[in-house]
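I opened this notebook to record what I looked up in one chain. The entries run from the whole fold to its enclosed and open spaces, and then to a single residue.

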Amino acid sequence: MEDIKRLIRKELQDFEVKFADAVKSHVPLLDRIMHYIVKRKGKQIRPMFVLLSAKMFQQDIQEGTYRAAALVELLHTATLVHDDVVDDANERRGFFSINALWKNKVAVLVGDYLLSKGLLLSLNNHDYRTLQILSEAVKEMSEGELLQFEKTRKLDIKEDIYFEIIRRKTASLLASACAAGAWSASGDDTVTEKMRLFGEKVGIAFQIKDDLFDYGSDNVGKPTGIDIREKKMTLPLIYTLQHASQETRRHIIYIVKNQNTDKDKVNEVISMVKSAGGIEYAHEQMLRYRDEALAILHSLPDSDIRQGLEQLVRFTTDRKF
């Protein structure tokens, strides 16, 4: 990751200053919360994809690209704040969530504030195409969440529906990050669509990697079985159910529906998924999407920026956290 950041170190530093400025308000409570959010930023993968996608087509980053990166991060942060309220989560990246510290009502309003700041940032600077790209992602993310909610209640998700859910819920924002970066630098619809598709495939691989963490396929020091306890149908489990006998399938579904808080029962499902080859299958699918993304990337001229993007893609599938 440090090698990748070295390519855009100055741009990332400039982005951090501009992002912190973008979330400022005239309300002391909001400023305290914004300071808390800025100080606890994540890996900044999405802004990095924006900046690198822009530098593929224009070496010098312009203000429009920084605004695109800020919009992506504002929308991403808003969705995380709202997700923590919906999931009643008290932690985010090892720290207290906004709703844990300031209660749900404040957290919902903070999410709304972040969303409105992103919209105004684009509108006030006439970045209409960037706003269109990212607004489409917000719509897709909402539809993906609701589709997952609907299907989770019935536990009848097939593989094609799973991929539709993660394409909308997770991959759409990363796709829009790459598209917005490319557009801000090129103003070309063809390369923008190419980078959008590239980001979508990376996003799908990214989500499958997250699914695999839940089964302890890597030693990440995190508890396993969270998705099962939340009745989330992820690819390793879907594959297992599709290839299990009717009796085994019924047994797994019963545990997921009725015994998902029993640690031993959850571990039993994890063992069955491992034995059925669900982990290997999901890993193969993750690599397939990664390689499809890299094929799109390799259709563009070689450069240190392209190599940096390739490293970032490989980080999303090789990461240990």
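The entries below follow that order.

**Basis.** I worked from a predicted model, in which local features need pLDDT of at least 70, side-chain atom pairs count only at pLDDT 80 or more, and totals for chains, interfaces and linings use all residues. Residues are numbered from 1 along each chain as its sequence is written, and side-chain values use heavy atoms, with hydrogens and water left out.

**Whole chain.** I looked up the secondary structure and found 15 helices and 2 strands, taken as DSSP runs numbered from the N terminus (helices: H or I, at least four residues; strands: E, at least two). The radius of gyration is 20 Å, close to the 20 Å that the globule rule gives for 321 residues, so the chain is as compact as a globular protein of that length. That radius is taken over C-alpha atoms, and the rule is 2.2 Å times the number of residues to the power 0.38. I noted that 51% of the 321 residues count as buried (under 20% relative accessible area, 1.4 Å probe, protein chains only). Among contacts (heavy atoms within 4.5 Å) between residues at least 6 apart in sequence, 74% join residues at least 24 apart.

**Second largest cavity.** I then turned to cavities, which on a 1 Å grid over the protein atoms alone are sets of points where a 1.4 Å probe fits but cannot get out. The count is 2 cavities of 30 Å³ or more. The second largest holds about 40 Å³, a volume being the space filled by probe spheres set on the points, which are joined across faces, edges and corners. Its lining (residues with an atom within 4 Å of a point) consists of Ile-45, Arg-46, Thr-170, Leu-174, Gly-203 and Phe-206. Helix H4 (45-55), H8 and helix H9 (189-213) each supply at least two of these lining residues.

**Second largest pocket.** A pocket is an open set with protein on both sides within 12 Å along at least five of seven lines. The second largest has about 260 Å³ of space. Of its 16 lining residues, Ile-133, Glu-136, Ser-176, Glu-193 and Arg-196 are the closest to its centre. Helix H7 (128-154) gives the most to this lining, with 6 residues.

**Phe-163.** I located Phe-163 in helix H8 (residues 159-186). Is Phe-163 buried or exposed? Phe-163 counts as buried because its relative accessibility is 12%. Leaving out residues up to four places away in sequence, Phe-163 touches Ile-204, Ile-208, Leu-235, Gln-285 and Tyr-289.

Technical notes:
Buried < 20%, exposed > 50% of the residue type's maximum accessible area, 1.4 Å probe, protein only.
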